[in-house]
Amino acid sequence: TAASSVGCAAAGRPARIISKGNNSFFMGQRYAGCALSVAAPDPCIGVRDSLPMMLTRQLGRCDWAATAEAMRAFTESRGADTPDELWLAEHDPVFTQGVAGRASHVHDAGGIPVMQSNRGGQVTYHGPGQVLAYPLIDLRRHRIYVKEYVFRLESAVLRVLESYGLT
């Protein structure tokens with residue numbers, strides 16, 4: 001599994017579906033590697049009958065660089081029928097420096113490693129207590145571009161927060 005390839009513990013918990021009105025959102029997790037069927041209204045990316053279900057992997061606390069390499073390998077090896085995956089992880093302390101980042105953006109890392117990332121942004125701190133969600137989505141299969149995907153993901157997160165009274 002992806003969890004073993006990055007040397008992380010995979011701890012499973014029962015899944016929870018949060019529903020409010022006509023909206024349902026996956027807010028929990030299942031045992032690592034189990035398929036999840038997520039009901040999501042537009043503009044969220046919904047699970048269609050013709051698409052494989054999304055797998056959720058609980059990576060636990062793990063090394064950022066090993067996780068980034070495992071995501072790269074997963075993406076390179078996926079086929080047309082490979083299900084999308086959502087990886088949930090917590091990293092040891094690390095600063096990631098994105099493509100817009102410069103060495104001058106990190107003033108004093110305090111012994112925390114600074115790792116180069118091929119993602120957008122400047123400098124981001126990741127560490128214990130932060131849960132990161134890495135969606136590994138085949139955008140071509142969903143017939144959308146990155147900009148549309150980011151819009152849909154942002155809309156879904158905002159609606160979940162709104163359902164909890166957070167605006």
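Here are some questions and answers about the predicted model shown above.

This is a predicted model, so local features need pLDDT of at least 70 and side-chain atom pairs count only at pLDDT 80 or more, while totals for chains, interfaces and linings use all residues. Residues are numbered from 1 along each chain as its sequence is written, and side-chain values use heavy atoms, with hydrogens and water left out.

Q: Which pattern of helices and strands does the chain follow along its sequence?
A: Helices (H or I, at least four residues) and strands (E, at least two) are DSSP runs, numbered from the N terminus. The chain has 4 helices and 9 strands. Read in order, they give α-β-β-β-β-α-β-β-β-β-β-α-α.

Q: What percentage of the residues in the chain is buried?
A: Buried means under 20% relative accessible area, exposed over 50%, and partly exposed in between, with a 1.4 Å probe and protein chains only. The chain has 167 residues, and the buried share of them is 35%.

Q: Which element gives the largest share of the largest nonpolar core?
A: A nonpolar core is a set of buried Ala, Val, Leu, Ile, Met, Phe, Trp, Tyr and Cys residues joined through side-chain atoms within 4.5 Å. The largest one has 12 residues, among them Leu59, Trp64, Phe74, Trp87 and Tyr134. Two or more residues each come from β4 (54-62), α2 (64-77), β5 (85-91) and β9 (132-136). The largest share, 4 residues, comes from α2.

Q: On which side or sides of α2 do its buried residues lie?
A: The buried residues of α2 are Trp64, Thr67, Ala70, Met71 and Phe74. The arc is that of the directions from the helix axis to the C-beta atoms. For these residues the arc is only 125 degrees, which puts them on the same side of α2.

Q: Which residues are exposed on the other side of α2?
A: Trp64 and Phe74 are among the buried residues of this helix. Across from them, the exposed residues are Glu76 and Ser77.

Q: In which sense do β4 and β5 pair?
A: Two strands pair if DSSP finds at least two bridges between them. In β4, 7 of the 9 residues are buried, so this strand is largely enclosed by the rest of the structure. One bridge joins Thr56 to Leu86 in β5. Over 7 bridges, the sense of the pairing is parallel.

Q: How far apart are the end C-alpha atoms of α4?
A: The expected span of a helix is 1.5 Å times one less than its number of residues. For the 18 residues of α4 (residues 146-163), that comes to 26 Å. The end C-alpha atoms agree with this, being apart by 26 Å.

Q: Which exposed residues does α4 carry on the face turned away from its buried side?
A: Tyr149, Arg152, Ser155, Ala156 and Val160 are buried in α4. They cover an arc of only 135 degrees around the axis, which puts them on the same side of α4. The face turned away carries the exposed Val146, Lys147 and Glu154.

Q: Which residue in the loop between α3 (139-142) and α4 has a positive phi although it is not a glycine?
A: Most residues other than glycine have a negative phi. The residue in question has a phi of about 60 degrees. It is exposed, with a relative accessible area of 73%. In the loop between α3 and α4, this residue is Arg143.
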